Amino acid sequence: MSRLITILNGPNLNLLGKRQPHIYGYDTLETVENNCRTLCRDDFEVEFLQSNHEGQLVDWIHRARETSCGIGINAGAYTHTSVAILDALNAFEGPVIEIHISNVHKRESFRHHSYISLRADGAIVGFGIEGYEAAVRRIMTVVEAQK
Ligand code: DQA
């Protein structure tokens, strides 16, 4: 069975560390990626991807059907709008963990609804960038339990 964990990042997350640091902090996406890689045990590996384009995220989820054992996804603003990403995730069979750096429930009401949550097996919100590590840990635990 695959041991590749796909971590997907949606729009504007390439600006992490520079964009609204009072909300998202000063760490960059590169730091998040390194933290996730460091955490991998046994023969688990992480592929860490970011796109500002909805269709690209859908394509990567389709690819993950063939290559990956689990998906961690911070879809950014597409969380609140994208039925296409939800449909793609519904076609993926492994664990899906939703990640948000900020506590979306404490913010504007349009951030309170998540299409991703209709598919996600778990969600981590408001833990800052540590949420990514929690997602990787959870996916490893779930995949190992399936052995
Ligand atoms: C976010 C929350 C979203 O509402 C927002 O559009 C983002 C980032 C988060 O990580 O807190 O881009 O997903």
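**Loop contacts, cores and ligand surroundings**

Beyond its neighbours within four places in sequence, Arg119 is in contact with Leu86, Leu89, Asn90, Phe92, Glu93, Gly94 and Val96. The model described here is predicted. Within it, Arg119 belongs to the loop between S4 and S5. Its relative accessibility is 13%, so Arg119 counts as buried, the limit for that class being under 20%. A polar atom of the Arg119 side chain also lies 3.1 Å from the backbone oxygen of Leu89, a residue that appears in the list of Arg119 contacts as well.

The loop that holds Arg119 also contains Ser114, placed between strand S4 (96-100) and strand S5 (122-125). Ser114 is buried, with a relative accessible area of 11%. Two backbone nitrogens are reached by the side chain of this serine. That of Ile116 lies 3.1 Å from a polar atom of the Ser114 side chain, and that of Ser117 is reached at 2.9 Å. When neighbours within four places in sequence are set aside, Ser114 is in contact with Thr79 and Glu98.

Ser117 likewise has its place in the loop between S4 and S5. In contrast to the buried Ser114, Ser117 is partly exposed, with a relative accessible area of 41%. Ser117 and Glu130 are 13 residues apart along the chain, and their C-alpha atoms are separated by 19 Å.

Attention then turns to the nonpolar interior. In soluble globular proteins, nonpolar side chains tend to be buried together. The largest nonpolar core of this model has 24 residues, of which Ile5, Leu16, Val32, Val46, Phe48 and Tyr132 touch the most other members. At least two residues of this core are supplied by each of strand S1 (4-9), helix H2 (29-39), S2, S4 and H5. The largest share, 6 residues, comes from H5. A second, separate core comprises 18 residues, including Leu57, Ala64, Leu89 and Ile116. Two of these members recur in the loop contacts: the backbone oxygen of Leu89 lies 3.1 Å from a polar side-chain atom of Arg119, and the backbone nitrogen of Ile116 lies 3.1 Å from a polar side-chain atom of Ser114.

Aromatic rings were examined next. The whole structure holds 1 aromatic pair. This pair is formed by Phe48 and Tyr132 and is tilted, with 6.1 Å from centre to centre and 40° between the planes. Phe48 lies in strand S2 (residues 45-50) and Tyr132 in helix H5 (residues 130-145), so the pair ties together parts that are 84 residues apart in sequence. Both residues are buried. Apart from neighbours within four places in sequence, Phe48 is in contact with Ile7, Asn9, Leu29, Val32, Glu33, Cys36, Arg37 and Tyr132. Elsewhere, the ring of Phe44 has the charged end of Arg3 sitting over it, 4.3 Å from the ring centre.

The surroundings of the ligand complete the description. The residues around the ligand are Arg19, Tyr24, Asn74, Gly76, Ala77, His80, His100, Ile101, Ser102, Val104 and Arg111. Among them, Asn74 has a side-chain N or O atom 2.8 Å from an oxygen atom of the ligand. An N or O atom in the side chain of His100 is likewise 2.8 Å from a ligand oxygen atom. For Ser102, a polar side-chain atom lies 2.6 Å from an oxygen atom of the ligand.

Technical notes. Residues numbered from 1 in each chain as written. Predicted model: local features only at pLDDT ≥ 70, side-chain atom pairs only at ≥ 80, totals over all residues. Heavy atoms only, no water. Helix = DSSP H or I, 4+ residues; strand = E, 2+ residues; numbered from the N terminus. Buried < 20%, exposed > 50% of the residue type's maximum accessible area, 1.4 Å probe, protein only. Polar contact = N/O pair within 3.5 Å; in protein donor to acceptor, adjacent residues only side chain to side chain. Contact = heavy atoms within 4.5 Å. Phe/Tyr/Trp six-rings, centres within 6.5 Å; stacked < 30°, edge-to-face > 60°. Lys NZ or Arg CZ within 6 Å of the ring centre and 35° of its normal. Core = buried A, V, L, I, M, F, W, Y, C linked by side-chain atoms within 4.5 Å. Near = heavy atom within 4 Å.
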